[in-house]
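Here's a short set of exercises to work through with the viewer open. Try each task before reading its solution.

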Amino acid sequence: MLEDLKPHIQDLRKRLIISILVLLGAFGVCLGFWEQIFYYIKLPLVDVLGSEIRGKFIASGMIEGVFIAMKSALFAALIIAMPVIFWQIWIFVAPGLYKHEKKIVIPFVFFGTFMFALGVAFSYFGVLPFIIKNVLLFGNDQFEAYITAENYFAFFIRLIIGFGIAFELPVLCFFLGKVGLITDESLKGFFKYAVVIIFIIAAIIAPPDVISQVLLAIPLVMLYGISIVILKFVNPASKLADFDTDDDESDEAQPTTYTTPTTQDSKDFNKE
């Protein structure tokens, strides 16, 4: 059994090495522009601190700036390397698929990258400023906010990457529907459990207040609903039910026939 898995493990190793090399190459380039990258990372917070919130953006350690520079470059490198990573995932999975299933390679890579970027943009321009403003406004008339770069960066990455991955749900459902693993009815049946999981994820990503968690959960529930609509066209459960019904009817339409032995056959048998 291990011998059968060995080629797959070697191929997986190759895909991981290619993805890591591309990521490291992008990281080396982005490290030279970390200040410009970090400027846009901190922009949602700095805009609020400079206008409506009393507070300061600070570094709490001697080498915190070094870590922030490296993390900023790594974040940008991950965004840049994402198309290559999706491509390597597809190359690893493709040998186990049928010919007609392999035709979705270009849509998978394109829409996978597009939806990840859309999730990042939605989080950066929509969710992040709203959460920062409303969380920092609470009690700001009583005290001044001192936010460390490390603390803010961890929150930023958790939110941005979380939304980027969450927006991959329709693409993943499309792919699984194409290969026949899930249908629209299977997602509908799992809906109540999905809502609980979504709110747990929102509680992990968002700050510890109910409003922010609900604001994060609502887009995720909507994405789940969009996935159900996609599967309605890609792999509906009704289509499978009709296929099974046709098979049953064809089996019933073909009666079992028995051949009655003739007298000549009986004589030949007795001679033998």
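Before starting, a convention: helix axes are lines fitted to C-alpha atoms over the stretch in contact, and angles run from 0 to 180 degrees between N-to-C directions. Keep in mind that this is a predicted model.

**Exercise 1. Work out how α5 and α10 are oriented relative to each other, and what their contact is made of.**

Step 1: get the geometry. Helix α5 covers residues 105–137 and helix α10 covers residues 210–234; their axes cross at roughly 165 degrees and come within 10 Å.

Step 2: classify the angle. Angles over 145 degrees count as roughly antiparallel, so α5 is roughly antiparallel to α10.

Step 3: add the handedness. The α5/α10 crossing is right-handed.

Step 4: pick out the residues. From α5 come Phe122, Val127, Phe130, Ile131 and Val135, and from α10 come Ser212, Leu215, Leu216 and Pro219. Sorted by class, that contact has eight nonpolar residues, one polar and no charged ones.

**Exercise 2. Do the same for α3 and α6.**

Step 1: the angle between α3 (residues 64–93) and α6 (residues 149–166) is about 15 degrees, and their axes are 10 Å apart.

Step 2: the cut-off for roughly parallel is under 35 degrees, so α3 runs roughly parallel to α6. The crossing of this pair is left-handed.

Step 3: on the α3 side, the contact uses Glu64, Phe67, Ile68, Lys71, Ser72, Phe75 and Leu78; facing them in α6 are Ala149, Glu150, Phe153, Phe156, Ile157, Ile160 and Ile161. The class count for α3 with α6 is 10 nonpolar, one polar and three charged residues.

**Exercise 3. Is Ser60 buried or exposed, and how far is it from Thr148?**

Step 1: find Ser60. It sits in the loop that links β1 (55–58) to α3.

Step 2: apply the cut-off. Exposed means over 50% relative accessible area; Ser60 has 57% relative accessibility, so it counts as exposed.

Step 3: check the distance. Ser60 and Thr148 are 88 residues apart in sequence, yet their C-alpha atoms are 6.1 Å apart.

**Exercise 4. Summarise the whole chain: how many helices and strands does it have, and what share of its residues is buried?**

Step 1: count the elements. There are 12 helices and two strands.

Step 2: look at burial and surface. Of the 272 residues, 35% are buried. The chain exposes about 17,300 Å², with carbon and sulfur atoms supplying 69% of that.

Step 3: look at the contacts. Among those with a separation of 6 or more, 82% involve residues 24 or more positions apart.

How values were computed. Residues are numbered from 1 along each chain as its sequence is written. This is a predicted model: local features need pLDDT of at least 70, side-chain atom pairs count only at pLDDT 80 or more; totals for chains, interfaces and linings use all residues. Side-chain values use heavy atoms; hydrogens and water are left out. Helices (H or I, at least four residues) and strands (E, at least two) are DSSP runs, numbered from the N terminus. Angles under 35 degrees count as roughly parallel, over 145 as roughly antiparallel, 65 to 115 as roughly perpendicular and the rest as oblique. A crossing is left-handed if the near helix is turned anticlockwise from the far one by less than a right angle, and right-handed if clockwise. Contact means heavy atoms within 4.5 Å. Ala, Val, Leu, Ile, Met, Phe, Trp, Tyr, Cys and Pro count as nonpolar, Asp, Glu, Lys and Arg as charged, and the others, Gly among them, as polar. Buried means under 20% relative accessible area, exposed over 50%, partly exposed in between (1.4 Å probe, protein chains only). Accessible areas come from the Shrake-Rupley method with a 1.4 Å probe; for residues, only the protein chains shown count as cover.
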